[in-house]
Amino acid sequence: MEFGVDSIPFFSFINNLTVFAQQLDGLNEKMLHVRTNAKSADTIMGRQFDLEKRCWNKFMEVFKDDLFRPLVLLLENHGILTERIREELRYGEEYWALERKLCYALISNKEIRIQDVMRAIHLKSFDYRVLNLLLYQLRGQKVNDLHMEFLSASEFLVEVSDDLFDYEDDVLENSFNILRMFVSVYGASVASTMLAKTITEAEERYEHLLTMLDPKLSLNYQRRCEEATKEGGKKLGNSFGTWNIPSVIADEDSYRINFSNSKSPMLSQN
């Protein structure tokens, strides 16, 4: 069977790989949501539901296994598995472990280290890096380290933009979100300022790497980014003023309880 970059099986494989990664990421986030629900249940009802416990135990069993073993075997079978791809898959498992660690710390009011936060946000785009590395393999080309470094800088800004867009939802779901983490590390009063500083530094690195690319490639990439930004309805620019950093939520427990109460007909009528 043909399995090259222009073949139908390749596009089917890429689609399945993307879905597989999204399912694992969703499962990891579901684990965090279960723990948040349990904590809210303790606060409101004074007890934790058995269903939450069973869900939590089931999820933990899944994440004890070698998550990417089926994918690794498939890539080995097609002769396109490299050590660098293995490394990125390990980074994916590290990200999910960090996400659980950080989000549990948040709802437990435990200390969070900024080093763990920054490590997590940089690891978060591991699936994109895996896809890029697979493209190099399928095209029979050597990995361009400059391109990968540039894409890493771009991915960081995209992840931050997504986190800002999803901030309130991530608080409700207890998902990893860089603004949530900055509020915990720096406090509600200065979290936005510190994040703006981080964004500015990341943009400077991005712009520097952009100048190192082939001019034609650089222009095409910028055009595609502008198209994607318009398609997504998000505002992403080169200064703090063009970023939409939402108002921080200082008390997440109260925010979740109030949101839950607003959705409960019985509670909202009282």
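Is Cys-103 buried or exposed, and what is its relative accessible area? In this predicted model, Cys-103 has a relative accessible area of 0%, and because buried means under 20%, Cys-103 counts as buried. Cys-225, by contrast, has a relative accessible area of 27%, and since this value lies between the limits of 20% for buried and 50% for exposed, Cys-225 is described as partly exposed. A search for disulfides across the whole structure returned 0.

A second buried residue is Asp-116, which is placed in helix 5, the element formed by residues 114-123. The relative accessibility of Asp-116 is 10%, and this residue therefore counts as buried, given that the cut-off is 20%. The side chain of Asp-116 is joined to that of Lys-101 by a polar contact of 3.0 Å. When residues up to four places away in sequence are left out, Asp-116 touches Leu-98 and Leu-102 as well as Lys-101.

Helix 6 comprises residues 126-139, and its 14 residues, at 1.5 Å a residue, should span 20 Å. The expected span is obtained by multiplying 1.5 Å by one less than the number of residues, and the end C-alpha atoms of helix 6 are indeed 20 Å apart, so the two values agree. Several residues of this helix are buried, namely Phe-126, Arg-129, Val-130, Leu-131, Leu-133, Leu-134, Tyr-136 and Leu-138. Helix 6 is followed by Gly-140, for which phi is positive, with a value near 70 degrees.

Terms used:
Residues are numbered from 1 along each chain as its sequence is written. This is a predicted model: local features need pLDDT of at least 70, side-chain atom pairs count only at pLDDT 80 or more; totals for chains, interfaces and linings use all residues. Side-chain values use heavy atoms; hydrogens and water are left out. Helices (H or I, at least four residues) and strands (E, at least two) are DSSP runs, numbered from the N terminus. Buried means under 20% relative accessible area, exposed over 50%, partly exposed in between (1.4 Å probe, protein chains only). A polar contact is a pair of N or O atoms within 3.5 Å; within protein, one must be able to donate a hydrogen and the other to accept it, and residues adjacent in sequence count only if both atoms are side-chain atoms. Contact means heavy atoms within 4.5 Å. A disulfide is a pair of cysteine sulfur atoms within 2.5 Å.
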